[in-house]
Amino acid sequence: MPLALETGMQEMQESKVASQFVEGLDYPISKDAIVAAAREASLDGSLQDALQKLPDREYAEPEELTQALNAAG
C-alpha cells in the first residue's frame, strides 16, 4: 500500500475515533474533564495533544468542541 494512501486511511480512522469520542462525552464539559476522558479512553497521542491545546473553558455541545479542536489543530 502506498504510504500516502496508508497515511490517509490512518487519518480517517483517527477522525472517526475523535468524532465518536466527542459525541460520547457528557455536556457541558470542561477542558480538564475532556483531557481526563481521553486519557482514560487511551486515545491516540496526537489526539490527546490536540485536546491539550484547547482553550480552558466549558464546552456546551459536541459541535462546539469539534470547532475548537479544528481551530487548535
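In the predicted model, the largest nonpolar core (buried Ala, Val, Leu, Ile, Met, Phe, Trp, Tyr and Cys residues joined through side-chain atoms within 4.5 Å) holds 17 residues, of which Phe 21, Ile 34, Leu 51, Leu 54, Tyr 59, Leu 65 and Leu 69 touch the most other members. At least two residues of this core are supplied by each of α1, α2 (31-40), α3 and α4, the helices being DSSP runs (H or I, at least four residues) numbered from the N terminus. When neighbours within four places in sequence are left aside, Leu 54 is in contact (heavy atoms within 4.5 Å) with Lys 31, Ile 34, Tyr 59, Leu 65, Ala 68 and Leu 69.

Within α4, Pro 62, Leu 65, Ala 68 and Leu 69 are buried, that is, under 20% relative accessible area with a 1.4 Å probe and protein chains only, whereas exposed denotes over 50%. These four residues lie on the same side of α4 because they cover an arc of only 130 degrees around the axis, the arc being that of the directions from the helix axis to the C-beta atoms. Gln 67, Asn 70 and Ala 71, on the other side of α4, are exposed.

Residues are numbered from 1 along each chain as its sequence is written. Local features of this predicted model need pLDDT of at least 70 and side-chain atom pairs count only at pLDDT 80 or more, while totals for chains, interfaces and linings use all residues, and side-chain values use heavy atoms, with hydrogens and water left out.
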